[in-house]
Amino acid sequence: MNAALTDQRPEQPSGPAPLFRPVTRQELPQAVREFLDSPQLLAVPVPTEDRADLEKSVELAGRLYGGLRRPSPLDVGILLGRAQLPEGLAELARPLARTWVGEEELTDVAAFRARHSGSLLVVGCYDRLTLDPVRALLMATYRGPRHGLTLLSGRDGASVVWNVAKQYAEPALDIDALGLFTDTDRPPRLPGVQVFDDRDFERSDIQAEILGTRWRRVAFQGHGKDDSVNLGEFTICGLNDSAPARPGLLGPRCAYGLPCYKPEDKLVPLNRVEAVELVLSACNSGPLADLALYDPKYQLLLNALDGPARTVVSAVSVHDSDRPENVAWMHGALTGADSVDTLNASLAGSHPYPAFMRFGLPGAPEDTPAPPAPTDHRPDPLLLTVGGRLTAYLASGLLPHNHPLRPRLTKLARKVDLWVARPTHLADQSPEQIDASLTADLQSLDHVITEQVAANPETELMNYPAHFGDRSSLDRQVREVTCHCGRPAQEFTRRGLLPHVLDTTSAVCMRCGDVTFRIPDAPALLAHAPDEVEQGGVLEVRATVTPARPGPVRLGLFVPSYLREDTTVEPLTTRVRLAGGQAEEVAFRVRFAPDTAPQAYYFTVFAVQDLAVSTARRHFGVVPRTT
C-alpha cells in the first residue's frame, strides 16, 4: 500500500486549547452558563466586540496563563450598579465569594461590617468606586481580616467581565520572572528578582526589558500621577487609544494635541505589559473615581486592568514608599506573600491609612504566607540614645574642632542618621545587623574614650557637667541619697535648655562636695575606700557600678595631676561585662610612694558605656607612716 496514503490522517488541532473565548455581549449570558456548567472549565467567555484592546489582551493572556481553575472564594461579595453591568457578569462572579449581599447594605458601612465579617469582594465599574463608600470599606477592613478588601473593576462592563474572567486563570508553570523597576531607590539586588534602578535606565532599553519579559510579578516604583510612572526617561503610560475621551474632563498634555512630557519612543503602554501581577508603587496610581485628576482614557489603573494582568496593585493616594517597601515586596514576591498586605504592613509605621488597594483575588490562604506584622519603623532605643549623645558632643561646643575624638564620633553620627532614617531601617540591614554594627562601634569608641581619659583626665569630654550645666535649668525635684562617705547627700538634675544639651545628674555631699556626675541612661557609680592610707601604703578602692543596660562597661581610676608621680594605679583601666540593673563591684589599688606628702587628696573613678561617662570622686588622706 502506498505509504503516502496510509499516513494521511484527519487534521488535529495544534497547541493548547484557548483559555478565553471572545463573545458578543448578547452571547455572554449563555456562554457563562456553559462555562460554569462544564466539568473541565471550558474557555472563559469575554465580550470583546468593539474592543480591539481587549482582543489584544486576550491574546497576550494566552501566553501568560497555562490553565483554568475555580478560584478560592472570599467571604462576602457585593455587586455595584448591577443594572448597568452586562447580563451574565453576576453569574460569572458568583463563585468568587461565598455570600453575596445587596449594595444597599453599604449605606451604613459600620453596621454592614458588624453583620458581615471576613474578607470582602466588591465588583463594579470604575465610576462606582467612589470615596463613599469605598473609603469607609478600606478603613473598616484595614488591619482587619486577612486580605481585607478586594476589588474587581474596569472602565466599563466589558472590562469588568474581563477582570472577573482572569480570576479563573492559572499562571503557566514557566512564568516565574520577578521584577522591580525603581526610579527613587537603589535597593539591594536579591537573588531571584530582576532589579532595575536609575543606573540601568541610563544604559539599558528599559522599554524592551519590560515588554520583552513575561512576568510573574513586576513592580514599578517612582514618581508619577494617575496617568504615568516615571522611570528616568522611560514612562509607564496609562493612555488607552481604544477608549473614548469624555467631554469636559481634564486630561494630560497629549489630550490637547501637545507632545508628551517624556520621549514618546520611551513610553511603555501598561496594557501591553505581560504580567500576572502588576504593582504600581507611585502616588495616586489608582485614585477612586471621584478623586482622579484625569479622564479615564488616560488612567494608569484602568489601562492596567484592560491588560492581561490578573492582579493589579495600586495606590489610592499619596504614600512614602521607598526602600523598606521595595525590599519587603521583593522578599514577599519570592515567598508568594500578598503584595497589598506586605506593602501596607511596611507602611504602617508611617501612615495611619491603607495606601494600596488590590484589584484581583488574593491567593488561597493555604497557599499564601501569613501577612507580616505591621511595622512601626522605630529603631532600637539605644540607637536614639546614642544619636542624642553624638549630637550633644558634636554640636554643643563641648569638643573643639580639632579634638581627636571628633572624626570617629562624626563617622558614627552619619551611620546612626542612616540607621534611623526610614528608607534604610529594616531594609538594607536587619535590626540584628544594625545592633551588631552599632555595638561594635560603641565598644571601640568606649575603649578609645577610656584610654584617653586615663592618659589625660583634663580632656574636654570630662568637662561635660559644667558645659551642659551652664546651659541648663534646675529641676526642682531633689532626691535624698547616701554619699559614699556615709553621710546624707542630695541628688538633682539640670535640664538642658537646647536640643543639643544633655541633662546632667549630680549628687552633692556637704562634706565631699559634688561626688557623682552622669548623663541620662549612663552607668550609676559610687566609690568606696578607707578614709586614710599611710605613706608607701596601698589604698584599696571598690567601685560600685550599675550599668544602664546589660553589656560591657569600661572603668578607670585617676588621681589629680599633682599626685600622679607619687602613685601607681592598678589597673589603670579595666573592662567588665555586667548584667542589667544589678550593682557590681570592681576593685582598684592605688600604691603610694614612701615620700608622698601627707595631706588630703581625692581620686576619681569613671565608667564609660555607650559613649556616656559617669564619674565618682572620693576624698581620702595620706598620713605619715607609723613604722
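Let me begin at one small spot, the start of helix H7, where a side-chain oxygen of Asp-156 reaches to within 3.3 Å of the backbone nitrogen of Ala-158. Please keep in mind from here on that what we have in front of us is a predicted model. Helix H7 covers residues 157-166, and among the elements of the protein chain this helix has the highest mean pLDDT, 98. The helix is also mostly covered, since 10 of its 10 residues are buried, and that list includes Gly-157, Trp-162 and Lys-166.

How far should we trust the rest of the chain? The mean pLDDT of the protein chain is 92, and 96% of its residues reach 70 or more. At the other end of the scale from H7 stands helix H1, residues 3-6, with the lowest mean pLDDT among the elements, 35. Over residues 1-14 the pLDDT stays under 50, and for this stretch the model has one contact beyond four places in sequence. Where pLDDT is low, the predicted coordinates should not be read in detail. I will therefore leave that stretch aside.

Next, let us look at some strands, starting with strand E4, residues 74-79, in which five of the six residues are buried. Which strands pair with E4 in the parallel sense? One of them is strand E5, residues 97-101, joined to E4 over four bridges, and here Ile-78 has Val-101 in E5 as its bridge partner. Another is strand E6, residues 120-123, which also pairs with E4 in the parallel sense over four bridges, with Leu-79 standing opposite Val-123.

Strand E18, residues 356-359, shows us a strand that is covered on both faces. In a regular strand the side chains alternate between the two faces of the sheet. In E18, Phe-356 and Arg-358 lie on one side, Met-357 and Phe-359 lie on the other, and all four are buried. Strand E17, residues 311-315, runs antiparallel to E18 and is joined to it by four bridges, and within that pairing the bridge partner of Val-313 is Arg-358.

Further along the chain, four strands form an open sheet in the order E24-E26-E30-E28, with antiparallel pairing. Strand E24 (524-528) and strand E28 (567-570) stand at the edges with a single partner strand each, so one side of each is left without a neighbour in the sheet. From one strand to the next, the twist averages 25 degrees. If we look at one pairing in this sheet, E24 and strand E26, residues 538-546, pair in the antiparallel sense over five bridges, and His-528 stands opposite Arg-542 in E26.

Now to the aromatic rings, of which the structure holds 11 pairs. Phe-20 and Tyr-65 form an edge-to-face pair, 6.4 Å from centre to centre and with 80 degrees between the planes. Phe-20 lies in strand E1 (residues 20-23) and Tyr-65 in strand E3 (residues 65-68), so this pair ties together parts that are 45 residues apart in sequence. Both Phe-20 and Tyr-65 are buried.

A second pair, Phe-558 with Phe-606, is tilted, with 5.9 Å centre to centre and 40 degrees between the planes. This pair also links distant parts of the chain, as Phe-558 is in strand E27 (residues 551-558) and Phe-606 in strand E31 (residues 599-609), 48 residues apart. Are these two rings buried or exposed? Phe-558 counts as buried because its relative accessibility is 12%, under the 20% cut-off, and Phe-606, at 0%, counts as buried too. Besides such pairs, Tyr-562, Phe-592, Tyr-601, Phe-603 and Phe-620 form one aromatic cluster.

I would like to finish with a single residue in a loop, Gln-299, whose place is between strand E16 (275-281) and helix H10 (300-306). Although Gln-299 sits in a loop, its relative accessibility is 1%, so it counts as buried. What does Gln-299 touch, if we leave aside its neighbours within four places in sequence? Gln-299 is in contact with Tyr-126, Asp-226, Gly-238, Pro-287, Ala-292 and Tyr-294. With Tyr-294 we can be more specific, because a polar atom of the Gln-299 side chain lies 2.8 Å from the backbone oxygen of Tyr-294, within the 3.5 Å that defines a polar contact.

Conventions. Residues numbered from 1 in each chain as written. Heavy atoms only, no water. Pairing = 2+ DSSP bridges. Helix = DSSP H or I, 4+ residues; strand = E, 2+ residues; numbered from the N terminus. Axes fitted to C-alpha atoms, helices over the stretch in contact; angles between N-to-C directions. pLDDT = per-residue confidence, 0-100. Contact = heavy atoms within 4.5 Å. Buried < 20%, exposed > 50% of the residue type's maximum accessible area, 1.4 Å probe, protein only. Polar contact = N/O pair within 3.5 Å; in protein donor to acceptor, adjacent residues only side chain to side chain. Phe/Tyr/Trp six-rings, centres within 6.5 Å; stacked < 30°, edge-to-face > 60°.
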